[in-house]
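Student: I have a new model on my screen and would like to go through it with you. Could we take it step by step?

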Amino acid sequence: MRASPLLLAIWLIPVVSAADLVNGEFDEDLSGWSLPPGIVSAAWDPLDVDGALGSGSARLTNSGSGGNTGGGLEQCLAIVPGASYTVGGAAFIPTRQSGAGTATLLAIVRDGADCTGSFLANLGTRSVNSRFESGLWVSVSNTDVAPAGARSVLIQTRVTKFEAPSTFTAHFDGVFVLPEPATGTLQPTALLALLVLAVRSRH
Ligand SMILES: [Ca+2]
């Protein structure tokens with residue numbers, strides 16, 4: 001029997017998944033995200049990573065009184081241990097700010113549901129540093145495997161400022177968390193397709 005393109009496509013359907021990240025595009029507001037009380041404020045802004053008129057971004061401002069402090073919007077997702085995920089997005093640090101800092105997508109993996117329990121790993125991205133990359137959108141992503149025992153991941157759009165008492169602002173847009181296809185493993189959907197083909201070939 002020759003493998004059909006359809007069967008191959010079914011084979012590649014990922015067997016693992018994350019609970020979908022909500023509103024990573026920030027089309028009209030910050031819904032789906034929470035902001036823990038702290039030194040960072042957040043607001044929706046019409047500046048969009050693709051320049052789209054129908055979308056915008058999250059603008060975060062760190063007004064903490066100390067240096068090297070941070071915080072940001074958060075969203076908790078369920079993940080599967082042993083599965084591979086790509087965490088990514090884009091950050092924009094406006095120029096002409098009185099202080100310097102970084103914008104980072106964190107992905108804090110924990111062994112409890114709903115982002116409780118012990119810290120296991122950070123699958124997040126590298127930081128965008130205002131001293132080297134400001135006035136432009138910078139895309140960042142990281143692909144990594146969720147460690148054994150992982151049950152949830154906290155995605156955070158973190159803004160950290162280096163100096164006090166200045167404020168520091170950065171935008172985030174196009175935030176995503178994607179499970180990578182688990183190739184090479186016969187999955188239930190592929191088994192079902194094989195069964196259907198076998199039955200049909202007998203008639
Ligand atoms: Ca957007």
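**A walk through the fold**

Tutor: Happily! Among contacts in the chain between residues at least 6 apart in sequence, 77% join residues at least 24 apart. Please keep in mind that this is a predicted model.

Student: In what order do the helices and strands run from the N terminus on?

Tutor: Start with the count: the chain has two helices and ten strands. A helix opens the series and another closes it, with the strands between them. Written from the N terminus on, the order is α-β-β-β-β-β-β-β-β-β-β-α.

Student: Which residues touch the most other members of the largest nonpolar core?

Tutor: That core has 33 residues, and β2, β3, β4 (84–92), β5, β9 and β10 each supply at least two of them. In soluble globular proteins, nonpolar side chains tend to be buried together. The residues that touch the most other members here are A91, V109 and I155.

Student: Which residues does A91 contact, leaving aside its neighbours within four places in sequence?

Tutor: A91 is one of the core residues that touch the most other members. Leaving those sequence neighbours aside, its contacts are A103, V128, V138, V140, A170, H171 and F172.

Student: Is A146 buried or exposed?

Tutor: A146 sits in the loop between β8 (137–145) and β9, and its contacts beyond four places in sequence include V80, Y85 and V109. V80 is 66 residues away in sequence, yet the two C-alpha atoms are 6.8 Å apart. Because A146 has 24 C-beta neighbours inside 10 Å and the cut-off is 20 or more, A146 counts as buried.

Student: What about D114, buried or exposed?

Tutor: D114 lies in the loop between β5 (101–110) and β6 (119–122), and its phi is near 55°, a positive value in a residue other than glycine. Around D114 there are 12 other C-beta atoms within 10 Å. The limit is 12 or fewer, so D114 is exposed.

Student: What is the phi of N68?

Tutor: N68 is found in the loop between β2 (57–62) and β3 (69–78), and N68 is exposed. Most residues other than glycine have a negative phi. N68 is not a glycine, yet its phi is positive, at about 55°.

Student: Is the peptide bond from A164 to P165 cis or trans?

Tutor: P165 is in the loop between β9 (152–161) and β10 (168–179). Most peptide bonds are trans. With omega near 5°, the bond from A164 to P165 is cis.

Conventions
Residues are numbered from 1 along each chain as its sequence is written. This is a predicted model: local features need pLDDT of at least 70, side-chain atom pairs count only at pLDDT 80 or more; totals for chains, interfaces and linings use all residues. Helices (H or I, at least four residues) and strands (E, at least two) are DSSP runs, numbered from the N terminus. Two residues are in contact if their C-beta atoms, placed from the backbone, lie within 7 Å. A nonpolar core is a set of buried Ala, Val, Leu, Ile, Met, Phe, Trp, Tyr and Cys residues joined through C-beta atoms within 7 Å.
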